[in-house]
Amino acid sequence: MIFPADIKAQDAKKGGPLGGRTFVYGEDVKLQRPIEIGENDRRPLSEILEEKLAGTRIQYRITASHVLLFLPKEKSERNVTIYGYVIDAESKETLIGANVYLPRHLSGDNTNVYGHFSVTVPEGEAFVQTSYVGYKTDSRTILLNKDTLITISLKPKNELSEIVVESSRPETGFASTRSGAVTVPVQQIMRTPSILGEADVVKALHLQPGVQSASAGQASMSVRGGNTDQNLFLLDGMLLYNVDHVLGYESAFMPDAVKHVEFYRGSFPARYGGRLSSVTDVRMKDGDMQNYHGTFSVGLLSSHMTVEGAIWKDHTSFIVSARRTYLDWILNQGDLDGLDKLGLYFYDLNAKINHKFSDKDRIYLTFYSGRDVIDVSSSSKEVDSYEYSGTEYGKEQTAVQTKREDKERTWMGVRWGNTMYHARWNHIFSPKLFANLTAGYNRFFLKTDGKVESSLKMDGVLQREQSFDMRFKSGIEDFSTTFDLDYHPSNIHHVRMGAAYTLHTFRPEVQASSMTSFYIYQNNLSEQFKTENKSIRAHEAAVYAEDDMSLGENWQLNAGLRAALFSTDGKTFPVFEPRISASRILPNGFRAKGSYTVMHQYVHKLQSSQIASPSDLWVPVTKDMKPMEAHQFSLGLAFAPVSDGSFASSLKDWEFSAEVFYKKMNNVIDFIDGASFYGNSKGWETKIATGKGESYGFEMNASKTVGKTTGMLNYTLAKTDRWYPDGTINGGRRFPYRYDRRHVVHLLVQHQLTKRIDLNASWNFMSGALASVAKQQSYYIEPVASDLKTQPFDRVQTISGDYYSGRNNYRLEPTHQLDLSVNFHRKTKHGERIWNICLINAYCHLNQDLLYSTLEWDYSDPSELASSKPSDTCHLKRVLKQYTIIPILPSFTYTYKF
Amino acid sequence: MKKIFFIAAILLTSCESEVGELLEIEAPRLVVNALIAAGEDNQEVIFHQTSKTEATSAFQTKFEIRVNSNVVCSAKSDLLMGDRNGYQFSAESIRPGDRVSIEAQNGTMKASAETVVPEPVTIVGIDTMSVMAKRYSYSSIRNLQPHTRYMVRLRLPEGSNQNETQYFRVRVYKDVYAWSQATEKNGQITEIRYNIDDDHSHFSYSQDPALCENENNLLENSDSAIEIDWLSGNMNEYLVFRSSFFKDGEYTLRLDLPAAKSSDFGWYQNVRFRIYSISHLEYNYLLALSNLKSYDPGVITNGEPLIPSNIMGGAGIFCVESFAESETFFEDHRTYELVDGVYVKK
């Protein structure tokens, strides 16, 4: 085997010493003769290279994909910086997380969320390789004699293939310093089977290790034993409070408009804060700078459309995405069980404009609005006639025919949603300094209106007319601004720093109602009712700095600090959050990782039942309630097999990781025993308790990202519990948290059967969650009013009721579910059409999503069933009843891309 | 409102099914229930035992009540009025600040609890004024009617920590006599009949921020029965309130009682207010009990009504309350008085 002195990569037998690696070197490396490796040479590659390069100044370095040959650096060399953007060659869309690597200099960078990179190297000729999943790798040689601003365009290709260039420090994934941080490919999200064929960003995250859906079908999730309100969702850097659509079946993120999704469940970067358990950073597409194109999709229950294009070619682009469900229309075609109308739909609208002033300045304007609407109306009308005859005032009355008309109409409408506007300015101050300034407005609201009208007419004469109007409002408004700097002082440091400020206005709840009555013998009367929690203003500010650094060849460290404060109710809570992640490159493709992070959370969602609903209120910390706090430690081992001829090299397209974590939470909140809002949050501060929580576990992941068959297998073994020392919950005893599922398995397989057909399957298994179930009856004592004359002291009486022996005292059955989908693609004259057929819960397993117990009579003789009164032979029995949210759900969707 | 979401969920996809009978058998627990008024006679402690389907009386339960470690009552439970199994004892010797405990045993079941008697609030005075207010009943409004607004001025106990929330409940006892008709004999009135309005439950606390937990609220007590589910959450069934609404240790409780019906023959009205100082546990317990009574297990979007308890090893609640009491007595239009068996004009 002979390798000529040629820069072009050479194929080699994978089983040989080179293991499929190619040689990379510059013109300064002058090989006197080709490097020859004997067919049967089984010596380690390093030994061979030592021999072949003996007597020259040439040094070498072996990486996963390359053998790098280079000359030692001259100390007098001047450094220059190559910086700029990586974009899609066709749409000119910036690419996030693309690898820019200069192998000869062993330097590189990953583009940030704005597509920007910066690498400093000695002046001279530089060989730059840029790669990104789903794109052809760009290789180019650039003569660098000064700081150079470039835009690298990558051409898309249709299949997922190996990324051949190593990056120095990506933000997520195997090569990242961090553990528990992943980038979820949009292509994977689009193909993951999902309810009603609607690809969903958040539900794709449910397949990650350490993550479980809060309830079947719901978008809300629990991460590493956290509550569903402990997850930070960012859309283009702006916080969204409620990402669930109607009952959580869909999340607010529309995959068509999504460019990039990063998910952190541990080792959180210092730039994120405000939630304890996870960060999901979703970045929208910017819009095609060249051509108009789009997608529209028609499904059983919803349709969506995306259009993007250039307003001013190469300078200004837009993207607009819209989605609406029409479940309301379908439901109203059938029997509504006594209802006149049931409106149940949601819509989303995303719009973004970006303008490129110059290579150094860009501005983005983003708008998002999502609404959920439920309208219910019913009416009844009873008309009857009857004869009246009898004696009045001692005289016999003749029969009188009387017509009675009784009418009632009820209407109720519930609306909730997010609205977000924000503007962003990106500026490159210098080759090493990139800046982002964002200002935005964000609003979440819930509004309910209802009306009950009734009237009674006798022989056409109005006797009584009443109406009752009610209104309910709650919401949050945020004005926020952030300033971020990306600074690359040298190749071993990548510093991010910034500041953020948010003005929150919480309106936890306002209820108002009015009642009017007309009686034939009375005057018109009306009355107003109003109850409200005061609106609460809060200031949240933070500064952060983090440095992602290389310590030698094998060590990487990311050290950061976030200092934040939250001021409300006359009190300020300052917090400091150290964030440290470290990784060590080990031989044979292994990498060890460890991290310690501290997170705080200042707002909470008050959820009073097993199901999350938009009526659950977001409330801030108060002067008597400290911010929630989490300390999280994790240790992990990642493994990406290298081609060294061993057995492991046959798994070259796979990545494996295993991680243990421990999370200690302070000041977590929950409802005290017996507290319930029933949609009313009056005096909410008195109904909650603050306590402690603990989660720990082991997570394992195996992923295959390349080839016709891709997918992942994730397993989590975990435990999580809570305790409230003040005794207001579970008598102060420690209890398992509702998401304390011991074993969780997620399997995702995506197979490209032919160019036109792809098959997708996901299977989930989870140990049962926990619920509070009454297993016994007890008696309770209550004070009752006494009669002053006969009993001068207060009385008590007892009432029978369900007895709950403890919080979360019942473990539900394990749940498992298989979801399948198939996509049929076909190229058409103007684009591509896709048929998606999807089957959720394919084998219709009736999962126990919600459970309660009730008492029923046990009839020994079935004939007694007809009797309303149980006989002596009957006895009461305690029966368990369950709700399965999704028994089985088929769907199909038609999508056309143009 | 959760009902709406729940209905929507059901309409979408979900299905309900019976899992079967609960097979798990939890050990029965001894239930100890007592809400004792310190300083009062005839106080009850009631014993039951839990069971899977029907709680039963725990007969012959041996128990011991201690006050500041001294045994004040040691007995076995017995039948009380109304088929209750328990024991009636005098709490006259129990004082605010006392540490009161109970230990009970029935067979293998044991239960114990300890509580501290809170300091009573002081009723500084009661002012009244006549107001016209509407009455609400079964989702309708009635005409304006004369009411008497009682403004009960309260003061926190001397030396109490005003930063620490204290909890209370109020009871109103009302007796109203309104003379309505007279029997005449030989031109003389020999008998005056009267109507008794002793409806203790009907009064309005809509003007009271502490009882409504809010300003600008206008709701009546249980008689109003406005069956709108999220408004029903506003009902304060046991009339509990907390000191967070006090300013500088003082608060004026406002309650509107319907005025006695006017009569040519006169009327009188006796109204007594008792302000109980209760523990935080009892406050939470009474709120939870209110939720339990309106809990519908079929609508599981409602939170489960777990009832707080301080009974170690058992179930129930053992609390001792202290109270302050004040009474008002009104007489009006008494145009007749009884002299030698005959009513004569004053």
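Buried, in these legends, means a relative accessible area under 20%. Keep in mind throughout that this is a predicted model.

**View 1. Asn730(A), a buried loop residue with a positive phi.** Asn730(A) sits in the loop that runs between strand S39 (709–723) and S40 of chain A. Its relative accessible area is 7%, and because the cut-off for buried is under 20%, Asn730(A) counts as buried. The backbone is worth a look too: phi of Asn730(A) is near 55 degrees, a positive value in a residue that isn't glycine. As for confidence, strand S40 (residues 735–736), at one end of this loop, has the highest mean pLDDT among the elements of chain A, at 95.

**View 2. Asn808(A), another loop asparagine with a positive phi.** Here we're in the loop between strand S45 (795–803) and strand S46 (810–811) of chain A. Asn808(A) isn't a glycine, yet its phi is positive, at about 55 degrees. With a relative accessible area of 10%, Asn808(A) falls under the 20% cut-off and so is buried.

**View 3. Strand S33 of chain A, paired with S32(A) and with S36(A).** Strand S33 covers residues 590–601, and nine of its 12 residues are buried, so the rest of the structure largely encloses it. One partner is strand S32 (residues 571–585), which runs antiparallel to S33(A) and is joined to it by seven bridges. Within that pairing, Arg584(A) has Ala592(A) of S33(A) as its bridge partner. S32(A) and S33(A) form a hairpin with four residues between the strands, and Asn588(A) in this hairpin takes a positive phi near 60 degrees. The other partner shown is strand S36 (residues 628–639), also antiparallel, with 12 bridges to S33(A). To find your bearings in that pairing, look for Ser595(A), which stands opposite Ser634(A) in S36(A).

**View 4. A five-stranded open sheet in chain A.** Reading across, the strand order is S13-S18-S19-S16-S17, and the pairing is mixed. Strand S13 (181–183) and strand S17 (238–240) are the edge strands, each of them pairing on one side only. From one strand to the next, the twist averages 25 degrees. Zoom in on strand S18 (residues 258–264) and strand S19 (residues 278–284), and you'll see six bridges in an antiparallel pairing. Val258(A) makes a handy landmark, standing opposite Met284(A) in S19(A). As a reminder, strands in a sheet pair through backbone hydrogen bonds, either parallel or antiparallel.

**View 5. The largest nonpolar core.** This core counts 60 residues. Tyr241(A), Val279(A), Phe506(A), Leu606(A), Trp684(A) and Ile688(A) are the ones with the most contacts inside it. Strand S37 (residues 654–671) of chain A is the top contributor, giving four residues to the core.

**View 6. Thr81(A) and its surroundings.** Thr81(A) belongs to strand S6 (residues 79–88) of chain A. Its relative accessible area is 2%, so Thr81(A) is buried. Setting aside neighbours within four places in sequence, its contacts include Ser118(A), Val119(A) and Thr120(A). Thr81(A) also touches Lys146(A), Asp147(A) and Thr148(A), along with Pro431(A) and Lys432(A).

**View 7. Phe329(B), a stop in chain B.** Phe329(B) lies in strand S18 (residues 315–332) of chain B. Not counting residues up to four places away in sequence, it touches Tyr268(B), Gln269(B) and Asn270(B). Phe329(B) and Leu306(B) are 23 residues apart in sequence, and their C-alpha atoms are 42 Å apart.

**View 8. Chain A, with its low-confidence stretches.** Four helices and 51 strands make up the element list of chain A. It has 898 residues, and 60% of them count as buried. The chain exposes about 35,800 Å², with carbon and sulfur atoms supplying 56% of that. Mean pLDDT for chain A is 82, and 84% of its residues reach 70 or more. Go easy on residues 1–14, where pLDDT stays under 50 although the model has 36 contacts there beyond four places in sequence. Strand S1 (residues 2–3) has the lowest mean pLDDT among the elements of chain A, 42. Residues 160–165 also stay under 50, and for them the model has 21 such contacts beyond four places in sequence.

Methods. Residues are numbered from 1 along each chain as its sequence is written. Chains are lettered from A and ligands numbered from 1 in the order in which they are written. This is a predicted model: local features need pLDDT of at least 70, side-chain atom pairs count only at pLDDT 80 or more; totals for chains, interfaces and linings use all residues. Side-chain values use heavy atoms; hydrogens and water are left out. Helices (H or I, at least four residues) and strands (E, at least two) are DSSP runs, numbered from the N terminus. Buried means under 20% relative accessible area, exposed over 50%, partly exposed in between (1.4 Å probe, protein chains only). Contact means heavy atoms within 4.5 Å. pLDDT is the predictor's confidence in each residue, from 0 to 100. Two strands pair if DSSP finds at least two bridges between them. Axes are lines fitted to C-alpha atoms, for helices over the stretch in contact, and angles run from 0 to 180 degrees between N-to-C directions. A nonpolar core is a set of buried Ala, Val, Leu, Ile, Met, Phe, Trp, Tyr and Cys residues joined through side-chain atoms within 4.5 Å. Accessible areas come from the Shrake-Rupley method with a 1.4 Å probe; for residues, only the protein chains shown count as cover.
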